Amino acid sequence: SSSSSSSSASSSSSSAGSGFVHAATISTLSPTRDTVQPIQSLSMPSTTSTNTSTNSTRESIPPYDSENLPLLAKIGAVLQRVYLKLSQIREQQAALPEPIGPAHQEVVAQLQRSHQEVHEAIIWCGSQIRHLHSTTLLPPQDIYRLSHAQSDMYASLKQLDLFKSELEQLIHNGKAPPMAVLLITRQPFPKPIKQNTSGCSSRDDVTSIRLFRGARTKIRIAGPITAFTCYDEYQKTRERTLVPLGDLMMGDSDFLAIEDLRFKKGSRLKMVRLQFSVPIEYITGNGSSSVVALESEPSHPFIVVTNESQWEYSEGALLKKDAFPQPEVPWQHFANVLQVHYVRSTRQDLRAPARPLSLSDLQYIHQLQFKERTTVHQKDFDRFWTWLGRLIHKIRHQKPFSQLWLAGLVYGFISKDTAEQLLHDTPAGTFLIRFSERAPGKQAVAYRKHDTDRGLETRHFLISPNDKREIMSLPDFLGTKPDYQRLVKLATVFYPPRTGPVEAHIPKDMALADFYTKRLSSAPTLVGYENVAGVAELDI
């Protein structure tokens, strides 16, 4: 019976941690045995006393519309009560006798009501999270919190499923076989991972595995955990590749965080998923035991790249799969998924990124690439990624440019016309750096210059090195141009400041001093254009 119960518990879970967003997170689940802890990243009101006595904890989950709280805090408050309620269910269910006698029928009825109450609360939280994600452009910090809430909500649902199945077995069969499920509770996927390089670039990239068990289940971890990858298209054939982990043990905590996860071979630009397996010794009521292998569900997809030239394609393929659970999605959903992938790709922390995609950035992308349509269709993605993918690749892999970008010294997402409006009242020598709209991956400089005939005007220069064997860094190029004197610095925040998007106009050499690689005595020959009379004006 222990073998069959293990199989049923494993198959009952459908998509560990799956959902609308896959932020790279570190587990906030405490390794304390069998207790699902509240998510500490959410700002939660104090809804219960810290006293853990029976009278103080056996309270109903509050009505969802009765608290005058922001929705994000309300979700956290409801989930916190879910965790407390699951702890109560565990305690009561573990105390039931086998078989259940008439004296315990009221306890059974109360447990069934508690199961239903917890289930409804989890479903409500899930619907609110999906609603927020599909109707609101969220700052990265809120996306991070919601992703944690969703992951922990899913774990709570799996724990509840175990409790419900266990109680049903007690009611109908007089005893409950051992039940458990292995879940990936935190994961850094989906993202490309460099072959034979640690997939953990920050503490948010830790992969966490947790064992959940029934209230009456006695289990012993019988050996080290193993991991393997399988291609998406090979799921049916179960073709697997072993991932070396050494002798990692879950131990008595039922919890394991893996910080150094490496993949020795590339995946040939195909998506793979990760699964874990752990040998479990089940101990039955009569004292007998049997060992079975308990497997987790597959992780979110990822691609193992062999070199950086594969990154742009791989990230685009993963973003496309992540953003489109169906062919057409709300713009807000697409933008929120894009935010997560952008923050990860530019090696930032989702909880406090130095430079998120701001509301203005997202509005610019929405207008330029999707004509402000309320929905985004999958067929429009490839054209969009050809433009944005090259820009993110540059931010990710070119250190001087990345530093300028994160510091707000590259304005980036601004149209040619808006740049001219922004610079209209500024003196000669003021300039900003923006992304070209027509030349993917290129930057243009918009700057103010005095012309003897036309007076003060805004000109544009498309940066494109003539000699590709000797590419000059952007700071060095800017340093050689006497027409560029004061650099526009952008405020690097999600919500636009009341004073406007521009934080300061900084003298060029002061802004770029830390980024110059060398002092050049003469300006390089570059192919570009200026928006002046007699020169064809290009839309870039």
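The secondary structure of the protein chain in this predicted model comes to 13 helices and 17 strands. Of the 540 residues in the chain, 53% are buried. Contacts reach far along the sequence: among those between residues at least 6 apart, 72% join residues at least 24 apart. The chain exposes about 24,100 Å², and carbon and sulfur atoms supply 49% of that area.

**Nonpolar cores**

Let us turn to the interior. The largest nonpolar core has 87 residues, and Phe334 and Phe413 have the most contacts inside it. Helix H5, spanning residues 140-173, gives the most to this core, with 10 residues. A second, separate core holds 29 residues, among them Leu211, Ile225, Leu245 and Phe302.

Which residues does Phe413 touch, leaving aside those up to four places away in sequence? The list includes the aromatic residues Tyr364, Trp387, Trp405 and Phe435. Leu357, Ile365, Leu388 and Leu391 also touch Phe413, and so does Asp361.

**A three-stranded sheet and its helix**

One open sheet has 3 strands in the order E1-E3-E7, with antiparallel pairing. Strand E1 (180-186) and strand E7 (255-258) stand at the edges with a single partner strand each, so one side of each is left without a neighbour in the sheet. On average, and with direction ignored, neighbouring strands of this sheet are turned by 20° against each other. Strand E3 (residues 207-213) is joined to E7 by 4 bridges, and Ser208 has Ala257 in E7 as its bridge partner. Helix H5 packs on the sheet, where it touches E1 and E3; the direction of H5 makes about 175° with that of E1. H5 is thus met again here, having given 10 residues to the largest core.

**Strand E13 and its partners**

Is strand E13 (residues 430-435) mostly covered or mostly open? It is mostly covered, since 6 of its 6 residues are buried. On one side sit Thr430, Leu432 and Arg434, on the other Phe431, Ile433 and Phe435, and both faces are covered. Phe435 is also one of the residues that Phe413 touches.

E13 runs parallel to strand E16 (residues 486-490), to which it is joined by 2 bridges; there, Phe431 has Leu487 as its bridge partner. With strand E14 (residues 443-451), E13 pairs in the antiparallel sense over 5 bridges, and in E14 the bridge partner of Ile433 is Val445.

**Cysteines and backbone details**

The structure holds 0 disulfides. Cys125 is buried, with a relative accessible area of 0%, and Cys230 counts as buried at 4%.

Two peptide bonds that lead into a proline deserve a look, and the table sets them out.

| Peptide bond | Form | Omega |
|---|---|---|
| Glu98 to Pro99 | cis | near -5° |
| Phe189 to Pro190 | cis | near 5° |

Pro99 is found in the loop between helix H3 (71-94) and helix H4 (105-135). Pro190 lies in the loop between E1 and strand E2 (192-194), which brings us back to an edge strand of the sheet described above.

Where are Lys371 and Glu372 placed? Lys371 is in the loop between helix H8 (359-370) and strand E12 (375-377), and Glu372 is in the loop between H8 and E12. Phi is positive, near 55°, in Lys371 and near 60° in Glu372. Lys371 has 57% relative accessibility and counts as exposed, because exposed means over 50%. Glu372 counts as exposed at 53%.

How values were computed: Residues are numbered from 1 along each chain as its sequence is written. This is a predicted model: local features need pLDDT of at least 70, side-chain atom pairs count only at pLDDT 80 or more; totals for chains, interfaces and linings use all residues. Side-chain values use heavy atoms; hydrogens and water are left out. A nonpolar core is a set of buried Ala, Val, Leu, Ile, Met, Phe, Trp, Tyr and Cys residues joined through side-chain atoms within 4.5 Å. Buried means under 20% relative accessible area, exposed over 50%, partly exposed in between (1.4 Å probe, protein chains only). Contact means heavy atoms within 4.5 Å. Accessible areas come from the Shrake-Rupley method with a 1.4 Å probe; for residues, only the protein chains shown count as cover. Two strands pair if DSSP finds at least two bridges between them. Axes are lines fitted to C-alpha atoms, for helices over the stretch in contact, and angles run from 0 to 180 degrees between N-to-C directions. A disulfide is a pair of cysteine sulfur atoms within 2.5 Å.
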